[in-house]
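Colleague: I should be grateful for a close look at a single part of this structure. Please begin with one residue and work outwards to whatever surrounds it.

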Amino acid sequence: MNQTESSHHLHLPAGLRFAFVEASWHADIVHQARDAFFAEMAQGGFNADAIDVFDVPGAFEIPLHAQRLARSGRYAAVVGSALVVDGGIYRHDFVSQTVVQALMDVQLDTGVPMISAVLTPHHFHEHAEHRKYFLRHFAVKGTEAAQACLQTVAGLRRLDALLSPSPVSADR
């Protein structure tokens with residue numbers, strides 16, 4: 001992520017709520033993203049009590065939860081997080097592409113930002129080195145997801161303010 005402004009100085013209203021939807025497959029790795037997300041959100045002024053976590057079985061279940069959360073009107077943004085691994089068949093590519101496209105569709109349909117930390121490595125193996133790498137990598141992605149979340153919400157709020165109708169002056 002190319003960070004153009006610090007997410008720590010965005011001055012968002014304190015009452016905003018966020019949702020984090022995480023897949024249970026490879027939970028130890030996915031939780032690294034969640035924990036880093038929480039830490040970065042706290043740096044941006046939103047503690048754990050402003051974030052609701054929803055566990056789902058796998059990545060494929062994230063978009064439906066995200067859609068319902070977005071439609072509720074309760075959340076400024078929804079984050080999805082999962083590790084979709086190559087099980088030796090093409091299905092992992094299908095799942096990750098489908099999930100990301102569905103999140104984009106939900107975002108465009110509802111106007112609620114969908115932030116994706118759904119990652120699909122080309123070659124993941126259940127050995128110590130890959131696990132260590134992805135434990136670290138998901139922490140980085142969780143931090144980036146929080147930054148993207150805060151910056152996107154702030155940017156949309158600025159855009160809404162700019163596009164809102166301004167009062168017409170009496171002499172026009």
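Modeller: With a relative accessibility of 66%, Leu162 counts as exposed, because the threshold for that class is over 50%. The model is a predicted one. Leu162 belongs to helix α4, and together with Leu156, Leu159 and Leu163 it makes a nonpolar surface patch of about 400 Å².

Helix α4 itself spans residues 128-163 and lies across β1, β3 and β4, running at about 165 degrees to β4. Within this helix, the side chains of Lys141 and Glu144 meet in a salt bridge, with 2.9 Å from N to O. The two residues are three apart in helix α4, so about one helical turn separates them. Lys141 is partly exposed, its relative accessible area being 23%.

The strands under discussion belong to an open sheet of four, ordered β2-β1-β3-β4 and paired in parallel. The edges are taken by β2 (51-56) and β4 (114-119); each has a single partner strand, so one side of each lacks a neighbour in the sheet. On average, neighbouring strands of the sheet are turned by 15 degrees against each other, direction ignored. Although β4 is an edge strand, five of its six residues are buried, so β4 is largely enclosed by the rest of the structure. Its pairing with β3 is parallel and extends over six bridges; there, Val78 stands opposite Met114 in β4. Elsewhere in the sheet, β1 (residues 18-23) pairs with β2, also in the parallel sense and over six bridges. One bridge in that pairing joins Glu22 to its partner Asp55 in β2.

Helix α2 (residues 62-71) also packs on the sheet, where it touches β1, β2, β3 (77-83) and β4, and its direction makes about 170 degrees with that of β3. From this helix, Arg71 forms a salt bridge with Asp109, at 3.4 Å from N to O. Arg71 lies in helix α2 and Asp109 in helix α3 (residues 91-110), so the pair ties together parts that are 38 residues apart in sequence. Both partners count as exposed, Arg71 at 55% relative accessibility and Asp109 at 53%.

The whole structure contains five salt bridges. One of them joins Arg34 to Asp35, with the closest N and O atoms 3.2 Å apart. Arg34 is buried, with a relative accessible area of 18%, whereas Asp35 is partly exposed at 40%.

Definitions and conventions
Residues numbered from 1 in each chain as written. Predicted model: local features only at pLDDT ≥ 70, side-chain atom pairs only at ≥ 80, totals over all residues. Heavy atoms only, no water. Pairing = 2+ DSSP bridges. Axes fitted to C-alpha atoms, helices over the stretch in contact; angles between N-to-C directions. Contact = heavy atoms within 4.5 Å. Patch = residues over 30% accessible without salt bridge, like charges linked within 9 Å, V, L, I, M, F, W, Y side chains within 5 Å. Areas by Shrake-Rupley, 256 points an atom, 1.4 Å probe, with all protein chains shown as cover. Salt bridge = Lys/Arg side-chain N within 4 Å of Asp/Glu carboxyl O. Buried < 20%, exposed > 50% of the residue type's maximum accessible area, 1.4 Å probe, protein only.
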